[in-house]
Amino acid sequence: MVVGEDDTYTPVAEARSLHAALPDATLAVIPRTAHLPNLEAPAAFDEALAAFLTRVEAADG
């Protein structure tokens with residue numbers, strides 16, 4: 001999951017609850033962003049996505 005630190009649609013507390021309920025989930029909270037962290041901070045979003053894809057690839061190998 002990727003959530004913006006200032007998101008009001010999916011608050012960080014709610015994202016943390018979802019993360020806790022899903023044992024294999026990852027959570028990235030992007031600072032100084034709201035509901036569209038991929039547009040507001042594309043480099044940080046890309047970094048979180050790349051880390052996730054690396055984790056998935058390692059699990060498949």
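Which side chain makes a polar contact with the side chain of D7? Keep that one in mind for a minute while I set the scene.

So, hi everyone. What's on the screen is a predicted model. The chain has 61 residues, with three helices and two strands. Reading from the N terminus, the order of elements is β-α-β-α-α. Along the principal axes, the C-alpha trace spans about 35 × 25 × 10 Å. Just 18% of the residues count as buried. The accessible surface adds up to about 4300 Å², and carbon and sulfur atoms hold 59% of that. And if you take the contacts with a separation of 6 or more, 55% of them come from residues 24 or more positions apart.

Okay, back to D7. You'll find it in the loop between β1, residues 2–4, and α1, residues 12–21. The answer to my opening question is H35: its side chain makes a polar contact with the D7 side chain at 3.1 Å. There's also a backbone partner, since a polar atom of the D7 side chain sits 2.7 Å from the backbone nitrogen of Y9.

Now, what about charge? D7 is buried, and yet it has no salt bridge. The nearest side chain of opposite charge is R16, and that's 13 Å away. A salt bridge here needs a side-chain nitrogen within 4 Å of a carboxyl oxygen, so R16 at 13 Å doesn't make one with D7.

Who else does D7 touch? Setting aside neighbours within four places in sequence, D7 contacts T33, A34 and H35.

That takes us to T33, which is in the loop between β2, residues 28–30, and α2, residues 37–40. Is T33 buried or exposed? Buried, because its relative accessibility is 1%. Again skipping neighbours within four places, its contacts are G4, E5, D6, D7, E40 and A41. So D7 shows up in T33's list, and T33 shows up in D7's.

Last stop, the outside. L49, F52, L53 and V56 together make a nonpolar surface patch of about 310 Å². Let's pick F52 out of that group. F52 lies in helix α3, which covers residues 42–60. F52 counts as partly exposed because its relative accessibility is 37%, and partly exposed means falling between 20% and 50%.

So, two places to look at when you open the model: D7 with its side-chain contact to H35, and the nonpolar patch that includes F52. That's me done, thanks.

Definitions and conventions:
Residues are numbered from 1 along each chain as its sequence is written. This is a predicted model: local features need pLDDT of at least 70, side-chain atom pairs count only at pLDDT 80 or more; totals for chains, interfaces and linings use all residues. Side-chain values use heavy atoms; hydrogens and water are left out. Patches are made of residues with over 30% relative accessible area and no salt bridge: like charges are joined within 9 Å, nonpolar side chains (Val, Leu, Ile, Met, Phe, Trp, Tyr) within 5 Å. Accessible areas come from the Shrake-Rupley method with a 1.4 Å probe; for residues, only the protein chains shown count as cover. Helices (H or I, at least four residues) and strands (E, at least two) are DSSP runs, numbered from the N terminus. Buried means under 20% relative accessible area, exposed over 50%, partly exposed in between (1.4 Å probe, protein chains only). Contact means heavy atoms within 4.5 Å. Lys and Arg count as positive and Asp and Glu as negative; His and the chain ends are not counted. A polar contact is a pair of N or O atoms within 3.5 Å; within protein, one must be able to donate a hydrogen and the other to accept it, and residues adjacent in sequence count only if both atoms are side-chain atoms.
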